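Please open the structure in your viewer and keep the selection panel at hand. The tour goes from stop to stop, saying at each one what to select and what is there.

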Amino acid sequence: MDMRIGIAGNRALQESFREHESAGNPPVTSAAFPGISDSFAASEAPQPQKKPFIIGHRGASSLAPENTMASFRKAQTLGAEMIELDVHRTKDGALIIMHDDTVDRTTDGQGAVKDLTLREIKALDAGSWFSPDFKGEGVPTFDEVLQWARGKVKIDIEIKNSMQYPGIEKEIISLLKARGMEKNVIITSFDPQCIKNVKKEDSTIKTGVLLHPEPLVTSLKVGTPLGAFAGLAGSLLAGFHPAVTAGLAVAGGIAGFFASKAIGKKLSLKDAQDKDADILLPHWSIVDKQWVKDAHSQGTEIFAYTANKPKLVHKLLDYYGVDGIITDNPERFIENDDSFWPF
């Protein structure tokens, strides 16, 4: 009998096959399951051609409070090959891990990091905002993370800009060398000057420039309504029937969306490869297949951020050809995790 099943049934049957065989039974074949072909019984969910290089965004930030040791440990345990974190400098010159310029959002304190001492920051609770289970989780120092990470996981170190904390690049590199970690990190920033400063200090350290999606967002906000307005205005001037007018307005909006999307992506990626960086890190929405190919031809790697959905990761890896994925959900993309391989 020709059996036709849906996606959910496919997954359920294959799970049954695995359980059947793991219990010591012979391999699943058409003899054991009449009506099921041998090729179907042996099939597995399709995997991407490229194994994903997974970077945990602020650790495993969907499962634990971002930029804390709990989040970093979770990401490493789940199989992330690299963790991404953000470095700031306190009033008394200590380097600490936090995304924002202030402690307001992710701790029970208030104020700018640069206006607080390390002692004051160490007294803060950086976990309760996420869940009561993480009450008492503290803000780690950069050096604490380095000591823990050595031999366990690589680190993507983001610096906000070269003007915010003058000389921070030198301080970061000094600590990296003191802990023997300079070969196991990349230093990234949206500010190309930061990358130049890093390369000036040590040209052997890998660097990456982050690329904003803002030009794309702005283009879409402008182009889509303009297209809709053009379609509406044109049909009104022509005296078309209201139904036709509505249709042309919608069509104009759609045309405006796609035109502005193409323009926005080009603006976001403009001159991206002239940043003196080893890696370029675009937001996933602005990744372009030909652009990735051109970057690869120049020896530049591409890490896309922040991609959290399996289908999107498949597209980025296999269609666009990116080299790494920065994600809030490293647990979804562990090799051999069936949740990653959607039917």
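**Stop one: the nonpolar core**

Begin by selecting isoleucine 155, which, apart from residues up to four places away in sequence, touches Met82, Ile83, Leu85, Val145, Leu146, Ala149, Met181, Asn184, Val185 and Ile186. As you look, keep in mind that this is a predicted model. Ile155 belongs to the largest nonpolar core, a set of 62 residues, and together with Ile157, Ile172 and Val322 it is among those with the most contacts inside that core. There is also a second, separate core of nine residues, which you can find by selecting some of its members, including Met82, Leu210, Leu281 and Phe303.

**Stop two: helix H3**

Next select residues 69-78, which form helix H3, and colour its buried residues, namely Met69, Ala70, Ser71, Phe72, Ala75 and Leu78. What lies over these buried residues? Among the elements that cover them are strand E2 (82-89), strand E3 (95-97) and helix H5 (142-149). Before you leave, move to glycine 79, which follows H3 and has a positive phi, near 110°.

**Stop three: helices H5 and H6**

Keep helix H5 in view and add helix H6, whose axis comes within 10 Å of that of H5 and crosses it at roughly 30°. Because angles under 35 degrees count as roughly parallel, H5 is described as roughly parallel to H6. To see the contact itself, show the side chains of Phe142, Asp143 and Leu146 in H5, and then those of Ile172, Leu175 and Leu176 in H6. Sorted by class, the residues of this contact are five nonpolar, no polar and one charged. If you turn the view to follow how the two helices cross, the crossing of H5 and H6 is right-handed.

**Stop four: helices H6 and H7**

Now hide H5, keep H6 (residues 168-178) and select H7 (residues 192-201), a pair that packs at an angle of about 45° with axes 9 Å apart. That angle makes H6 oblique to H7. The crossing of H6 and H7 is right-handed. Where the two helices meet, Glu169, Lys170 and Ile173 are on the H6 side, while Cys194, Asn197, Val198 and Glu201 are on the H7 side. By class, the contact of H6 with H7 is made up of three nonpolar, one polar and three charged residues.

**Stop five: two loop residues**

For the last stop, select glutamine 110, which you will find in the loop between E3 and helix H4 (118-122). Is this glutamine 110 buried or exposed? Glutamine 110 is exposed, because its relative accessible area is 68%, and the cut-off for exposed is over 50%. With neighbours within four places in sequence left aside, glutamine 110 is in contact with Val103, Asp104 and Leu116. If you draw a distance from its C-alpha atom to that of leucine 124, 14 residues apart along the chain, you should read 9.5 Å.

Then select aspartate 125, which is in the loop between H4 and H5. Aspartate 125 is buried, because its relative accessible area is 13%, and buried means under 20%. Not counting residues up to four places away in sequence, aspartate 125 touches Thr106, Thr107, Asp108, Phe134, Lys135, Gly136 and Glu137. A final distance to draw is the one from aspartate 125 to glycine 136, which are eleven residues apart in sequence and 5.1 Å apart in space, C-alpha to C-alpha.

Technical notes:
Residues numbered from 1 in each chain as written. Predicted model: local features only at pLDDT ≥ 70, side-chain atom pairs only at ≥ 80, totals over all residues. Heavy atoms only, no water. Buried < 20%, exposed > 50% of the residue type's maximum accessible area, 1.4 Å probe, protein only. Helix = DSSP H or I, 4+ residues; strand = E, 2+ residues; numbered from the N terminus. Contact = heavy atoms within 4.5 Å. Core = buried A, V, L, I, M, F, W, Y, C linked by side-chain atoms within 4.5 Å. Axes fitted to C-alpha atoms, helices over the stretch in contact; angles between N-to-C directions. Parallel < 35°, antiparallel > 145°, perpendicular 65-115°, else oblique. Left-handed = near helix turned anticlockwise from the far one by under 90°. Nonpolar A, V, L, I, M, F, W, Y, C, P; charged D, E, K, R; others polar.
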